[in-house]
2 protein chains.
Amino acid sequence: MEHKIYFDNNATTPVRKEAYEKMLPFLTEHFGNPSSVHWAGRNVHQAIEEARSNVAGLLNATDKEIVFNAGGSESDNHAIKGAFFANKQRGRHIITTSVEHPAVLETVKDLKKFGAEVTFLGVDENGELDLGELEKAVRPDTILVSVMYANNETGVIFPIKEITRIVKKKNPETLVHTDAVQVAGKERIDVLDLGVDLLSISGHKLYAPKGVGALYIKRGIRIERLISGGHQERNRRAGTENVASIVAFGEAARLAADEIEEEKKRLSYLRDKLENAILEKIPYVKLNGHKAHRLCNTTNLSFRYVEGEGILLSLDMVGIAASSGSACTSGSLDPSHVLLAMGLDHETAHGSVRISLGRFNTEEEIDYLIRELPPIIERLRQMSPLYNRRPDEPEPFRVETCHNHEHGEE
Amino acid sequence: MEHKIYFDNNATTPVRKEAYEKMLPFLTEHFGNPSSVHWAGRNVHQAIEEARSNVAGLLNATDKEIVFNAGGSESDNHAIKGAFFANKQRGRHIITTSVEHPAVLETVKDLKKFGAEVTFLGVDENGELDLGELEKAVRPDTILVSVMYANNETGVIFPIKEITRIVKKKNPETLVHTDAVQVAGKERIDVLDLGVDLLSISGHKLYAPKGVGALYIKRGIRIERLISGGHQERNRRAGTENVASIVAFGEAARLAADEIEEEKKRLSYLRDKLENAILEKIPYVKLNGHKAHRLCNTTNLSFRYVEGEGILLSLDMVGIAASSGSACTSGSLDPSHVLLAMGLDHETAHGSVRISLGRFNTEEEIDYLIRELPPIIERLRQMSPLYNRRPDEPEPFRVETCHNHEHGEE
């Protein structure tokens, strides 16, 4: 039997059956424009509002704080550009981190043309921020701090609640945005507890279709709109609503909220089993971010003496889909900016693979990977002149233990 | 039998079966991220490029000139804001018309905060532009002219080829954008012949799903991106692609290109039959824009002495979905900005109804409307004190004839 094992759930997820089935009628008989007042529009409008309630519920937000849009990148752009343009009379300083998703990094870079001054916070070898550095960076003219909730490549979780507390204490007027795209559906999110002003999520990371997302905008916070035009989304995002995908997103969010604890337990077990087996069976492996709090589903491993691309191709040949990092930067030959920021040298960063589990992965699939990966690595290393020159070298960064960390809200 | 007759195809269209069936596998087994290099991403990437070819074909563009996005409003925002921010060192003057869709009108208004100076061209009582006025308006610092290809409320078609010629002759550096959302699939579009630099279209107006659209960016034209981030769409629009909807959009575009002449003939016949019957059976009716070139599917009628909302509610009760104008402004109590710009008084503009036909409408449905509408208007007028006070008044704007206009490319 041909294997098709998908271990790239941080890149995208399959649409879950319940969401798929709920969306189909909105591609067929319920096709009206939600703004229309006649029969074709009415139930469609209602369906969007039901989905809004479900997405709000996933975040512990209120319905009116949810703006539907086309996905995580649009959410990040709307939050950051919108906050900047609404507040640039007050200041032009933005703080973010060097390990953000491109949707944040490129957005703040593009804002430099409009006078933005950006501070990029670094991370340590575990991928963690220095909160003292953050505190020092906040100034009277800091209008926005944008820090991701969890890193898409390593799964490292940042303490957003603590970050918000530090920022607001130093400058109560500074807005705090977090890109929670990788957290939604994997960890419980509570915007009230976090205290953030803006939070981005995306449908296709939690088993809804691609092309739909949401931005949480805290009540009372005013930001400029990114897409001007019609009155949709309470004048905060113009354009006919992507009804079917919004309906699917709502259903996926509702189910995620229900299942989150159980699924977290299941994925943590599978992930830990996988990590422990790899570290036991394969020498010269570095588990990136292993000392930090991490998402329950994400493993990022550097295999010394081999190229990540070679590993991925070999895995692909036995039916296993994994990734060398962000899908949004794949195709590029540059090593991961996240791993470089954590202090890895270029060679090690190049030898990295991300395995991200999801709700459709089984223990059998984990066992299959545990069986297939060691001979792949061994074969690639045998072909590597670097490896053959150094047979007796001590392991440069062999990880001793792999604890099952708790990843609660911080 | 309960009637469900949809005459609001300018607001949105049902997804056609062929597009629906082609998209489903991309919501199920072909769920990969198109940026992924493993098995789950490969065929998905290919499917997007096939769709791109089909959309390019509909416009006589090349594949690389097509940027997929979330819809017509995003296209308009990307074109206008992108052109402005890329060129604002050269000038800040934008020309548009007073009858544009809100996605254009609100966008240029929002750009005023960034120093844009906007000239709004008016229209005459037929909804047509004065091209002499346009020519006079173009200045050395005019960086963008944005004129819609056809009006969504009246169907009036603007002579974009002639407009581009006039603009480029006066200032060759001025970019020309056209919102062709209402034209795509109804009239043949040839970007080379038109000579425009930027052209917006939307999937859900041509029997693809909501939430997908495209911006044509002429080769060599550089505009700023609206959504910053990943490398998707050749760095012109970040965010994981809305794969399933793009695939459906491609299929709908391919079929539209094939069927356009035949469907135009069919819809023109139905539309003319409808208009002639209404003008014959109902007194005090004004056919808005009737002397102008118009889209083959659109009729905009003002019924004196009654409110458009009353007509729509009555039509809805007999299963007919029509509109008082743009879905993007419905819900608002203001009369149509398009009809006011054409010189209609508030009362007449308020008494207007748009009937927009589509590929699923039949002659039986037209006959049903012809049968149902006269008694509805008569009943509403009997309830109107205005009507009862003026029984012998001469018809204020009864249209004498309704010619079947040609609507070729201009």
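# Close-up views of a predicted two-chain model

**Figure 1. Tyr368(A), a buried tyrosine.** With a relative accessible area of 8%, Tyr368(A) falls under the 20% limit and therefore counts as buried. This structure is a predicted model, so please read every value below as computed from predicted coordinates. Tyr368(A) sits in helix H13 of chain A, which covers residues 363-382. Once neighbours within four places in sequence are set aside, the residues in contact with Tyr368(A) are His3(A), Ile5(A), Val318(A) and Ile320(A). For a sense of scale, try stepping from Tyr368(A) to Lys22(A): the pair is 346 residues apart in sequence, and their C-alpha atoms are 33 Å apart in space.

**Figure 2. Chain A as a whole.** Here is the setting for the close-ups of chain A. Chain A holds 14 helices and 12 strands. Its C-alpha trace spans about 75 × 55 × 35 Å along the principal axes. A compact globule of 410 residues would have a radius of gyration near 22 Å, and chain A agrees because its own value is 22 Å. Of the 410 residues in chain A, 65% are buried. Taking the contacts in chain A between residues at least 6 apart in sequence, 76% join residues at least 24 apart. The chain exposes about 15,000 Å², with carbon and sulfur atoms supplying 51% of that area. As for charge, chain A carries 51 positive and 61 negative charges, and the mean positions of the two sets lie 5 Å apart.

**Figure 3. Strand E7 of chain A and its two partners.** Strand E7(A) runs from residue 198 to residue 202, and five of its five residues are buried, so the strand is largely enclosed by the rest of the structure. Leu198(A), Ser200(A) and Ser202(A) point one way from the strand, while Leu199(A) and Ile201(A) point the other way. Both sets of residues are buried. Strand E6(A), residues 175-179, pairs with E7(A) in the parallel sense over three bridges. Strand E8(A), residues 213-217, runs antiparallel to E7(A) and is joined to it by five bridges. Leu199(A) is a handy residue to follow here: it is the bridge partner of Thr178(A), and it also stands opposite Tyr216(A) in E8(A).

**Figure 4. Asn77(A), with contacts in both chains.** Asn77(A) is found in helix H3 of chain A, residues 72-87. At 0% relative accessibility, Asn77(A) counts as buried. Setting aside neighbours within four places in sequence, Asn77(A) is in contact with Gly82(A), Ala103(A), Thr107(A) and Leu226(A) in chain A. From chain B, Leu226(B), Ile227(B) and Ser228(B) are also in contact with Asn77(A).

**Figure 5. Helix H10 of chain B and what covers it.** H10(B) spans residues 308-317, and its buried residues are Gly308(B), Ile311(B), Leu312(B), Ser314(B), Leu315(B) and Asp316(B). What lies over these buried residues? The cover includes helix H2 (39-59), which belongs to chain A. From chain B, the cover includes strand E10 (298-303), strand E11 (320-321), helix H12 (346-350), strand E12 (352-356) and helix H13 (363-382). Just after H10(B), Gly319(B) takes a positive phi of about 90°.

**Figure 6. Helix H8 of chain B, residue by residue.** H8(B) covers residues 232-235, and Glu233(B) lies within it. Glu233(B) is buried, with a relative accessible area of 7%. Apart from neighbours within four places in sequence, Glu233(B) is in contact with Arg52(B), Ile66(B), Val67(B), Phe68(B) and Glu241(B). Ala214(B) is 19 residues away from Glu233(B) along the chain, and the two C-alpha atoms are separated by 11 Å. Arg234(B) is also placed in H8(B), and at 52% relative accessibility it counts as exposed. Asn235(B) has its place in H8(B) too, and at 46% relative accessibility it counts as partly exposed. For anyone checking backbone torsions, Arg234(B) has a positive phi of about 50° although it is not a glycine. Asn235(B), not a glycine either, has a positive phi of about 65°. Most residues other than glycine have a negative phi.

Key:
Residues are numbered from 1 along each chain as its sequence is written. Chains are lettered from A and ligands numbered from 1 in the order in which they are written. This is a predicted model: local features need pLDDT of at least 70, side-chain atom pairs count only at pLDDT 80 or more; totals for chains, interfaces and linings use all residues. Side-chain values use heavy atoms; hydrogens and water are left out. Helices (H or I, at least four residues) and strands (E, at least two) are DSSP runs, numbered from the N terminus. The radius of gyration is taken over C-alpha atoms; the globule rule is 2.2 Å times the number of residues to the power 0.38. Buried means under 20% relative accessible area, exposed over 50%, partly exposed in between (1.4 Å probe, protein chains only). Contact means heavy atoms within 4.5 Å. Accessible areas come from the Shrake-Rupley method with a 1.4 Å probe; for residues, only the protein chains shown count as cover. Lys and Arg count as positive and Asp and Glu as negative; His and the chain ends are not counted. The place of a charge is taken as NZ of Lys, CZ of Arg, CG of Asp or CD of Glu. Two strands pair if DSSP finds at least two bridges between them.
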